[in-house]
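Biologist: I would like to go through this chain by question and answer. Please keep the replies short and give the reasoning.

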Amino acid sequence: MDSDEAAAAAASPQASGGTVVTPAPKKRGRKPKIKDDSQTPSSSQQQSGGKMKESGKKTKQEQSVDEKYTQWKGLVPILYDWLANHNLVWPSLSCRWGPQLDQATYKNRQRLYLSEQTDGSVPNTLVIANCEVVKPRVAAAEHISQFNEEARSPFVKKYKTIIHPGEVNRIRELPQNSKIIATHTDSPDVLIWDVETQPNRHAVLGAATSRPDLILTGHQDNAEFALAMCPTEPFVLSGGKDKSVVLWSIQDHITTAGTDSKSSGSIIKQTGEGGDKTESPSVGPRGVYHGHDDTVEDVAFSPTSAQEFCSVGDDSCLILWDARTGTSPVTKVEKAHDADLHCVDWNPHDDNLILTGSADNTVRLYDRRNLTSNGVGTPIYTFEGHKAAVLCVQWCPDKSSVFGSSAEDGLLNIWDYDRVSKKPDRAAKSPAGLFFQHAGHRDKVVDFHWNAADPWTIVSVSDDCETTGGGGTLQIWRMSDLIYRPEEEVLAELEKFKSHVMTCASKP
């Protein structure tokens, strides 16, 4: 039993009575709720002092969330260069950028991959959307702050729906050709999809599931979250409840150049003529790696070698592997955090630096050349800025020292470890290294992804079950460049602007 299940069992009134306890939801998952408009009070109820949902008053937690959100929304025109808010009827556990489609004067169009985690009344789906990304310094400040939380954004339009066999827990795109994606569901298999050749489906109850282009087999138990695709080769990495890390190559199934992202053909070999396929082809693993003592929660490839990768798990371990030396760990950090590890990312600019995020609310930065001391993890630095479990960490593709972290506290923090080494300011109210905090989500931020095609642009999703009764929120945003640019540049620009204002004011 993991820590979340134990806590749920201990809190149950049945547990103390000795009766059978209903199992807690799986780690980081839950039964989703649709966004229910019926929970919103009518205008007559509001005028007559009717109840909000089932209680006469909001809880202190709800009030705190609302107050913080209102404060954040008032600061949007100052803090952001652009922001789009998109209401999701069903929560999405994963969001990823796909290929950029075209560029225009004021905005670019790009694919966006999402999921819809339903309660079974309609099928679970993998959604391919077209997103219009407004270019820097184009959007008017008053425009980006005027959005309706319950509305869909005009910048996000659904392009194609794939009916997924089971809920989509994780989506990852193949860097060499981002039209090819891998998904994790509640099964031992990894599913590979060519989203351009997959037919568009209508998600209605009873509809048959879409057929994956390839199935990767090798896990002995469900593999739900840990998933990565190699930046240098068409390799896939996964971790699961069987405590193992599994490596595959889809090289044998590639029919067109994997480096050609504009290719219109499928990179997956077809086993027959299009409509004659009755089953998806499958491929077994290149290697199965054992070293964890509990569920593997996340995996990451080295940015420079397809043979090197790392993994983290509920055993509080960070493990480095090298496929060339066998299936045993190269280095094992026994106590990388003080609780379960949820996420890991390897720096694409510096292959010595690895980030980890944990249920102990912290993010830790490790140097692979000096990982442990007496068997205990020795991080370069521990970043403390979240008040709940960290769910996702990712390095920024635009600056080697910058990364983001999202957590169950509803915050997405942006950090710069270069700022940590400077002389500490005891009067500073924010944690060392933290230079931006995205507070636009009102519930746990389950995933986010930096946009490699549009610098400093992020897509993030939250699961809004606890605060708004169901559904989710997708936001695409870019902080003001005055926040991350070098200080001397910013001051020079502001001085120039000040001179311009003074000149204009002095004119009759």
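Biologist: Does Asp322 count as buried or exposed?

Modeller: This is a predicted model, and the values are computed from it. The cut-off for buried is under 20% relative accessible area. Asp322 has 11% relative accessibility, so Asp322 counts as buried.

Biologist: Which residue does the side chain of Asp322 meet in a salt bridge?

Modeller: The N to O distance in this salt bridge is 2.9 Å. The partner has 55% relative accessibility and therefore counts as exposed, whereas Asp322 counts as buried. The partner is Arg324.

Biologist: How many salt bridges are there in the count?

Modeller: The rule asks for a side-chain nitrogen of Lys or Arg within 4 Å of a carboxyl oxygen of Asp or Glu. By this rule the count is 23.

Biologist: How many residues apart are Arg478 and Asp81, which form a salt bridge?

Modeller: The closest N and O atoms of Arg478 and Asp81 are 3.0 Å apart. Arg478 lies in strand β31 (residues 472–479) and Asp81 in strand β1, so the pair links distant parts of the chain. Along the chain, the two are 397 residues apart.

Biologist: What is the relative accessibility of Arg478?

Modeller: Both members of that pair fall under the 20% limit for buried. Asp81 counts as buried at 13%. Arg478 also counts as buried, and its relative accessibility is 1%.

Biologist: Where is Arg368, whose side chain meets that of Glu308 in a salt bridge?

Modeller: The N to O distance between Glu308 and Arg368 is 2.6 Å. Glu308 is in strand β16 (residues 308–313), 60 residues from Arg368. Arg368 itself is in the loop between β21 (362–367) and β22 (372–373).

Biologist: Which of Glu308 and Arg368 is buried, and which is partly exposed?

Modeller: Buried means under 20% relative accessible area, and exposed means over 50%, with partly exposed in between. At 14%, Glu308 is therefore buried. At 24%, Arg368 is partly exposed.

Biologist: Which residues are linked with Arg137 in a network of salt bridges?

Modeller: The network includes a second arginine, Arg485. Its acidic members are Asp481, Glu489 and Glu493. Arg137 is thus linked in a network with Asp481, Arg485, Glu489 and Glu493.

Biologist: How many residues does the largest nonpolar core have?

Modeller: The residues with the most contacts inside this core are Leu112, Ile414, Leu474 and Ile476. Beyond four places in sequence, Ile476 touches residues including Trp82, Trp97, Leu112, Val156 and Val459. The core has 42 residues.

Biologist: How many residues are in the second, separate core?

Modeller: Ala228 and Phe235 are among its members. Phe301 and Phe309 are included too. This second core has 16 residues.

Biologist: Which residues is Pro348 in contact with, leaving aside neighbours within four places in sequence?

Modeller: Pro348 sits in the loop between β19 (341–346) and β20 (353–358). Its relative accessible area is 46%, so Pro348 is partly exposed. The C-alpha atoms of Pro348 and Phe301 are separated by 9.7 Å, with their positions 47 residues apart along the chain. The contacts of Pro348 are with Pro303 and Trp395.

Biologist: Which backbone oxygen lies 3.4 Å from a polar atom of the Asn87 side chain?

Modeller: Asn87 is found in strand β1 (residues 80–88). With 6% relative accessibility, Asn87 counts as buried. The oxygen belongs to the backbone of Glu149.

Biologist: What is the phi of Trp456?

Modeller: Trp456 is in the loop between β29 (445–450) and β30 (457–463). At 8% relative accessibility, Trp456 counts as buried. Although Trp456 is not a glycine, its phi is positive, at about 65 degrees.

Biologist: Where is Lys243, which has a positive phi near 70 degrees?

Modeller: Lys243 is partly exposed, with a relative accessible area of 37%. Its positive phi occurs in a residue other than glycine. Lys243 lies in the loop between β11 (235–239) and β12 (244–249).

Biologist: Which residues make the nonpolar surface patch of about 250 Å²?

Modeller: One of them, Leu491, lies in helix α8 (residues 487–506). The patch is made by Leu482, Leu491 and Leu494.

Definitions and conventions: Residues numbered from 1 in each chain as written. Predicted model: local features only at pLDDT ≥ 70, side-chain atom pairs only at ≥ 80, totals over all residues. Heavy atoms only, no water. Core = buried A, V, L, I, M, F, W, Y, C linked by side-chain atoms within 4.5 Å. Buried < 20%, exposed > 50% of the residue type's maximum accessible area, 1.4 Å probe, protein only. Contact = heavy atoms within 4.5 Å. Patch = residues over 30% accessible without salt bridge, like charges linked within 9 Å, V, L, I, M, F, W, Y side chains within 5 Å. Areas by Shrake-Rupley, 256 points an atom, 1.4 Å probe, with all protein chains shown as cover. Helix = DSSP H or I, 4+ residues; strand = E, 2+ residues; numbered from the N terminus. Polar contact = N/O pair within 3.5 Å; in protein donor to acceptor, adjacent residues only side chain to side chain.
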